[in-house]
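Visitor: I work at the bench and would like a tour of this model. Could you explain the terms as we go?

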Amino acid sequence: MDRLAHLGKKLTNVTTLRNRHVAIIGGGYAGMAAAVALARNDIKVTVYEAGKVLGGRARQLEHPQLDTALDNGQHLLLGAYQTTLALARLVNPGTAAWLRQPLQLHTQNGLQLAAPRLPAPFNTLLALLTAKGINASQRLAATGFMMHQRLRGFKLTQDITVAELLIGQPPHLIKSLWEPLCLAALNTPIATASAQVFLNVLRDSLTRSRQDSDLIIPTIDLSAFFPVPAADYVRSNGGDIVMQHRVRSITTSDTGGYLVDGAQYSDVICAVAPHQAAALIAGLPALMPITEQLNSYSYQPITTVYLQYSPHIRLPRAMTGLAGTIAQWVFDRGISHQQHGLLAAVISTAGEHSKLNHKALAAHIVAELHQTLATPPDAIWHQVVVEKRATFSCDTHLPRPTQHTSLANFYLAGDYTASDYPATLEAATQSGVKCAHLILANNTTKP
Ligand SMILES: Cc1cc2nc3c(=O)[nH]c(=O)nc-3n(C[C@H](O)[C@H](O)[C@H](O)COP(=O)(O)OP(=O)(O)OC[C@H]3O[C@@H](n4cnc5c(N)ncnc54)[C@H](O)[C@@H]3O)c2cc1C
C-alpha cells in the first residue's frame, strides 16, 4: 500500500479550495507536516516561523564555534512512526536519512534483549523470554504482562498511572525494563505517567508488524531530516516560508477568515508548542477553554550532553542503555551521523543532575561513561543542551484539545493535541496532517 496515501493526494473538487490561503504558525514538525500535506494538494500556504532554523524542538543547533552539526537533542524514532517516516521520505527522496535496526535494548551491566526476525508479536515475546539481565521468573512476568495487555486490547476502562499498571510486576523488572521504557517513550516518571498512553505505544510498536518495533536513528541533523527539505517542497509547490517572524496577533477578519499580524488568510493552523499556543490564542475568546486547559500543563526537561573524544573512539552499537547512572542512554554519533568520536548522552526528566552546572554535569557524565563503557577519562570538548520544556508531562487524564476547534477554519496542530501518542515527532506530524485533512474536507465557499 502507498504509505503516502493518507497524506491525501489528490482532491477532485478543488475549485473552492484553490481560493484558500492557509496561514501556518510554527515551522516545527507539526506545522511543516501540515504545510507539505496542503501544498501536495495545491493549497496555498504561508508558514511563519519565529526562529532562525526550522524544526522547533527537533532542530539543528546553531553553534558557531563548532563545525560539527549538533541537534537540540538526540532523537530516536520507532518503526511505528509511519506518518513521520512517510513525510521524511517524500521530501528527502534518495537520501539515506536514517539508520534502521530491529528492536534491541542493550543496557550496560543490566538488561539485554534483541528481537529475532519473526512476525510480531512473536519477535517481542521471544525477545522478552530470552532477555539477559533478568531471571526466569522476571522474564515470564514480562511476557505474561504483554500477553495480558494484548488480550485486553491494550485498553484500560479508566486511565491510571504506569506505576499502578505495573503493580504485581517484580521490582527489578520495573527498574530495568518498564521504567526506562516509560521514560524513553513518555519522558514522564512512572508515578504520574498515563498508563493508557504507555499501552498505546506498546501496542503500536510491539504488536502490529515486526518493522513497527524497529529503532530508527536519524543520520542527518533534525532540521535536514524533515523541516528544511519540507520547506523546499512547499516553496516548489507555490507556498511561502517566512522565517524569523514571531506572530503576535491573530484576529477574525470583518471580511471573513483571519488576520495574522494584519495579513488576510482563509484558514489558520496554529502549530506552536502548548505554552506558546496558550498565549497566541488568548485574543480569541471562543478558544478560552483551550487556553485554560493549556495553562494547566506541566513540562518535563530533556538534557543532552555531547562529548567529543578522539575519532577512533567507538561504542559497540549506535544506542546503549545505562543503569544506575545519571545518563540513561548514550548514542554513538560516529555510527549514525559519521561524526566519529562524538557521543550524545541523554537524560530524561529532572533529577539531581539539574543542580549541576554544565561543566560539572559534563565531567560527571564523562566519568560515568569511563566507568561503564571504558571510554577515555577526558573528552576533548563538551556541549550540554538543556531543553526545559522538551515535552508536556504525559500524566493521567491530561486534557488534549482536538485539531478541530469551535472557531470555523481555525485549527490546532502540535504534539500536545489529541493523539494516542505522547509528545513525539509522530504525534506532531499526525496532527499537522489531520489539520490538512480537515481543511481539504471543508471545501465550502466560506473563507
Ligand atoms: C531534547 C528533546 C528530545 C526529544 N526526543 C524525542 C525523541 O527521541 N523522539 C520523539 O519522537 N520525540 C522527541 N522529542 C519530542 C519532539 O521533539 C516534539 O514532540 C516535537 O518536535 C514537537 O513538534 P511541534 O511541531 O508540535 O512543536 P515545536 O517543535 O515546539 O514547534 C513549534 C514551532 O513554532 C514556532 N513558534 C512558536 N511561537 C511562534 C510564533 N508566535 N510565531 C511563529 N512561530 C512560532 C517555534 O519556534 C517552533 O519552531 C524530544 C524533544 C526534545 C526537546
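Guide: Gladly! α1 (29–39), α10 (274–280), β15 (299–308), β19 (381–392) and α14 (425–441) each give at least two residues to the shell around the ligand. This is a predicted model, where local features need pLDDT of at least 70 and side-chain atom pairs count only at pLDDT 80 or more, while totals for chains, interfaces and linings use all residues. Residues are numbered from 1 along each chain as its sequence is written.

Visitor: Why is α1 called a helix and β15 a strand?

Guide: Helices (H or I, at least four residues) and strands (E, at least two) are DSSP runs, numbered from the N terminus.

Visitor: Which residues come nearest to the ligand?

Guide: Gly 26, Gly 28, Gly 56, Gly 73 and Thr 424, of the 38 residues around the ligand. A residue is near a molecule if its C-beta atom, placed from the backbone, lies within 6 Å of it.

Visitor: How do you know that β17 and β18 pair?

Guide: Two strands pair if DSSP finds at least two bridges between them. Four bridges join β17 (residues 329–332) to β18 (residues 342–348), so these antiparallel strands qualify. Within them, Trp 329 of β17 has Val 346 of β18 as its bridge partner.

Visitor: What makes β8 and β19 edge strands?

Guide: In the open, mixed sheet of seven strands, the order is β8-β7-β16-β17-β18-β15-β19. β8 (112–114) and β19 each pair on one side only, so they are the edges.
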